[in-house]
Every structure is written in C-alpha cells, then in structure tokens.
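The following exercises are to be worked through with the sequence and the three-dimensional structure at hand. Each task is followed by a solution in steps.

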Amino acid sequence: MTLTLIILWLVSGALSFVYWWTKEYDFTESHIGILLIASTMGPIAFISGYSIHGKGRVIMKARK
C-alpha cells in the first residue's frame, strides 16, 4: 500500500511537470534531472506549474 502511494506521488509529479513544461518548451533529454526533482514534489508540481505557466497569469509585463 505504501509503495503504491509513493509511486503515485512520483508519477503525478513527473506527469505534471511534463504537462506544464511542454506548454511552452520542448522536453529534451537535458530536462530529465529537473523531471526527477519535480517528481518528488508530487501533486504540488501541478500547482507550481499552473502558477508559472497557467493561462492568464502574468508575472512580469513586457515594456512598451
């Protein structure tokens, strides 16, 4: 049971990272290290990705 929950936690973090990362960038082999770190965040990675890449979220506007 515990092992299953750990695996689900890691997979949800990894899939969340890939989902949000590929919204703006290509996923390459050089991003595997970041993927491993994000996978340890579990579902929190989805929230973090939304706050960075989510629709309508402007962190810093371009100068005109």
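**Exercise 1. Place Glu24 in the fold and classify its exposure.**

Solution.
Step 1. Glu24 is found in helix α1 of this predicted model.
Step 2. The relative accessible area of Glu24 is 47%. Buried means under 20% and exposed means over 50%, with partly exposed in between. Glu24 is therefore partly exposed.
Step 3. Along the chain, Glu24 and His53 are 29 residues apart, and their C-alpha atoms are separated by 7.7 Å.

**Exercise 2. Describe the overall architecture of the protein: which elements does it contain, and in what order do they run?**

Solution.
Step 1. The protein has three helices and zero strands.
Step 2. Read from the N terminus, the order of the elements is α-α-α.
Step 3. Of the 64 residues in the protein, 23% are buried.
Step 4. The accessible surface amounts to about 5,300 Å², and carbon and sulfur atoms account for 69% of that surface.
Step 5. When contacts between residues at least 6 apart in sequence are considered, 60% of them join residues at least 24 apart.

**Exercise 3. Is Asp26 buried or exposed, and which residues does it touch?**

Solution.
Step 1. Asp26 belongs to the loop between α1 and α2.
Step 2. The relative accessible area of Asp26 is 64%, so this residue is exposed.
Step 3. With residues up to four places away in sequence not counted, Asp26 touches Trp21 and His31.

**Exercise 4. Trace the contacts of Ser16 and determine whether it is buried or exposed.**

Solution.
Step 1. Ser16 is located in helix α1.
Step 2. The relative accessibility of Ser16 is 9%, and Ser16 therefore counts as buried.
Step 3. Not counting residues up to four places away in sequence, Ser16 touches Ala45 and Phe46.
Step 4. Ser16 and Phe46 are 30 residues apart along the chain, with their C-alpha atoms separated by 4.9 Å.

**Exercise 5. Work out the surroundings of Ala14 and Ser39, beginning with the helix that holds each residue.**

Solution.
Step 1. Ala14 lies in helix α1, and Ser39 lies in helix α2.
Step 2. Ala14 has a relative accessibility of 17% and so counts as buried. Ser39 also counts as buried, because its relative accessibility is 9%.
Step 3. Neighbours within four places in sequence left aside, Ala14 is in contact with Leu35 and Ser39.
Step 4. Under the corresponding exclusion of residues up to four places away, Ser39 touches Trp9, Leu10, Gly13 and Ala14.
Step 5. The side chain of Ser39 also reaches the backbone oxygen of Leu36, at 2.7 Å.
Step 6. Ala14 and Ile32 are 18 residues apart along the chain, and their C-alpha atoms are separated by 9.8 Å.

**Exercise 6. Characterise the largest pocket: what is its volume, how many residues line it, and which helix gives the most to the lining?**

Solution.
Step 1. The volume of the largest pocket is about 160 Å³.
Step 2. The lining consists of 13 residues. Those nearest the centre of the pocket are Phe17, Ala38, Ala45, Gly49 and Ile52.
Step 3. At least two lining residues come from each of α1 (2-24), α2 (32-39) and α3 (44-53).
Step 4. Helix α3 gives the most to the lining, supplying five residues.
Step 5. By residue class, the lining comprises nine nonpolar and four polar residues, with no charged residues.

**Exercise 7. Which residue, named in Exercise 4 as a contact of Ser16, recurs in the solution on the largest pocket?**

Solution.
Step 1. Ser16 touches Ala45 and Phe46, residues up to four places away in sequence not being counted.
Step 2. Ala45 is among the lining residues that lie nearest the centre of the largest pocket. The recurring residue is Ala45.

Terms used:
Residues numbered from 1 in each chain as written. Predicted model: local features only at pLDDT ≥ 70, side-chain atom pairs only at ≥ 80, totals over all residues. Heavy atoms only, no water. Helix = DSSP H or I, 4+ residues; strand = E, 2+ residues; numbered from the N terminus. Buried < 20%, exposed > 50% of the residue type's maximum accessible area, 1.4 Å probe, protein only. Contact = heavy atoms within 4.5 Å. Areas by Shrake-Rupley, 256 points an atom, 1.4 Å probe, with all protein chains shown as cover. 1 Å grid on protein atoms, 1.4 Å probe; cavity = no way out; pocket = protein on both sides within 12 Å on 5 of 7 lines; lining within 4 Å. Points joined across faces, edges and corners; volume = space filled by probe spheres on them. Nonpolar A, V, L, I, M, F, W, Y, C, P; charged D, E, K, R; others polar. Polar contact = N/O pair within 3.5 Å; in protein donor to acceptor, adjacent residues only side chain to side chain.
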